[in-house]
Amino acid sequence: MSESTSRSVSPDVLIVGAGPAGAVAALVLARAGVRVHVLERATLPRPKLCGDSLNPGALALLDRLGIGDAVRPLGVPITGMLVTGSSVAVDAPYPQGIAGLVIRRDRLDHALVSAAVCAGATLDEGVTVRQAVVEDARDGRVLAVGGVTASTRDGAVTSYRAPVTIAADGRRSTLAFALGLASHPAAPRRWAVGAYMSGIDATPARGEMHIRDGHYIGVAPTLGGGANVCVVQSVTSNVQGAPLRDPAALLRTTLE
């Protein structure tokens with residue numbers, strides 16, 4: 001049985017999750033002189049299923065944060081989007097001089113959190129947040145959160161305290177769901193399967209989205225001439241007879 005301990009860090013803001021939302025929040029706050037501590041379940045850099053594409057607006061945000069030039073060499077510029085349906089195709093180039101970027105999520109997340117740490121934020125990796133430390137609750141409503149309890153990989157349970165806690169731990173946020181701040185609708189429900197592919201004759205400088213009945217396919221060029229390919233399908237659909245229990249077959253069959 002592990003013992004509960006309390007961390008000696010005393011941040012002004014505790015951020016759960018070191019993805020783009022958490023890392024950017026940590027960067028902005030740390031630059032403003034706020035003491036920020038970030039908790040991340042994984043060890044960075046870590047793989048993440050994602051389309052890997054930043055549109056020009058997202059890239060412009062990184063420029064305003066002063067880190068766009070550090071991120072650009074890690075990815076491939078894209079000059080627009082190709083969107084197709086079963087009988088129509090729309091090729092939409094971005095205005096001249098404007099581009100997006102395809103960058104693997106492991107590289108993007110690592111670059112963003114590294115910038116936050118350089119700005120003064122502290123980071124603990126391999127920490128899984130279990131629940132919020134509730135300091136005030138009335139009539140079944142949580143009115144104040146004073147931090148979180150979390151476990152490390154060695155099984156130790158630790159309490160992290162802060163006046164402000166930001167739940168940036170993704171769409172299935174442990175904190176947001178436990179506190180009743182988020183929920184998922186019963187429908188629609190979808191699964192995503194992705195792969196990095198190589199040996200491709202040519203990859204256009206476009207992001208691609210191919211929308212079909214019951215599923216859609218995203219394609220984006222990657223460094224080295226490959227491509228990130230993702231299939232997103234409804235849980236109830238059965239694309240070309242390829243079952244979800246065999247993701248590789250689902251991906252191949254859908255592309256064919």
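In which sense, and over how many bridges, do β4 and strand β8 pair? In this predicted model, β4 and β8, the latter spanning residues 100–102, pair in the antiparallel sense, and two bridges join them. Within this pairing, Ser 53 stands opposite Val 102 of β8. The two strands belong to an open sheet of three strands, arranged in the order β4-β8-β5 with antiparallel pairing. Because β4 (53–54) and β5 (76–78) each have a single partner strand, both stand at the edges, and one side of each is left without a neighbour in the sheet. As a general reminder, side chains in a regular strand alternate between the two faces of the sheet.

Stepping back to the whole chain, the protein has 256 residues, of which 37% count as buried. Its secondary structure comprises six helices and 17 strands. Taken along the principal axes, the C-alpha atoms fill a box of roughly 55 × 40 × 35 Å.

A second set of pairings centres on β15. Strand β6, residues 80–84, pairs with β15 in the parallel sense over four bridges, and here Leu 82 has Glu 208 of β15 as its bridge partner. The pairing between β15 and β16 is antiparallel and runs over five bridges; one of the contacts joins Ile 211 to its bridge partner Tyr 216 in β16. β15 and β16 also form a hairpin, with two residues between them. In the turn of this hairpin, Gly 214 has a positive phi of about 85 degrees.

Both hairpin strands turn up again at the largest pocket. To find such spaces, a probe the size of a water molecule is rolled over the atoms, which shows where empty space is left. The largest pocket has a volume of about 1,500 Å³, and 50 residues line it. Those lying nearest its centre are Lys 48, Leu 49, Arg 105, Gly 170 and Arg 171. Elements that give two or more residues to this lining are α1 (20–31), β3 (36–40), β4, β10 (127–138), β14 (190–197), β15 (207–212), β16 (215–221) and β17 (227–234). The largest share, four residues, comes from β16. By residue type, the lining divides into 26 nonpolar, 13 polar and eleven charged residues.

Turning to the interior, the largest nonpolar core holds 25 residues. Ile 15, Ala 26, Leu 54, Leu 62, Ile 67 and Leu 108 touch the most other members of this core. At least two core residues come from each of β2 (13–16), α1, β3, α2 (56–64) and α4 (105–118). Helix α4 gives the most, with five residues. Some elements serve both settings: α1 and β3 are among those that supply at least two residues to the core, and both also give two or more residues to the lining of the largest pocket.

Finally, the cysteines deserve a brief look. A disulfide is a covalent bond between the sulfur atoms of two cysteines, and the count of disulfides in this model is zero. Cys 50 is in no disulfide; the nearest cysteine sulfur belongs to Cys 230 and is 7.4 Å away, whereas the cut-off for a disulfide is within 2.5 Å. How buried or exposed is Cys 50? Its relative accessibility is 24%, so Cys 50 counts as partly exposed. Cys 118, with a relative accessibility of 72%, counts as exposed.

Notes:
Residues numbered from 1 in each chain as written. Predicted model: local features only at pLDDT ≥ 70, side-chain atom pairs only at ≥ 80, totals over all residues. Heavy atoms only, no water. Pairing = 2+ DSSP bridges. 1 Å grid on protein atoms, 1.4 Å probe; cavity = no way out; pocket = protein on both sides within 12 Å on 5 of 7 lines; lining within 4 Å. Points joined across faces, edges and corners; volume = space filled by probe spheres on them. Nonpolar A, V, L, I, M, F, W, Y, C, P; charged D, E, K, R; others polar. Buried < 20%, exposed > 50% of the residue type's maximum accessible area, 1.4 Å probe, protein only. Core = buried A, V, L, I, M, F, W, Y, C linked by side-chain atoms within 4.5 Å.
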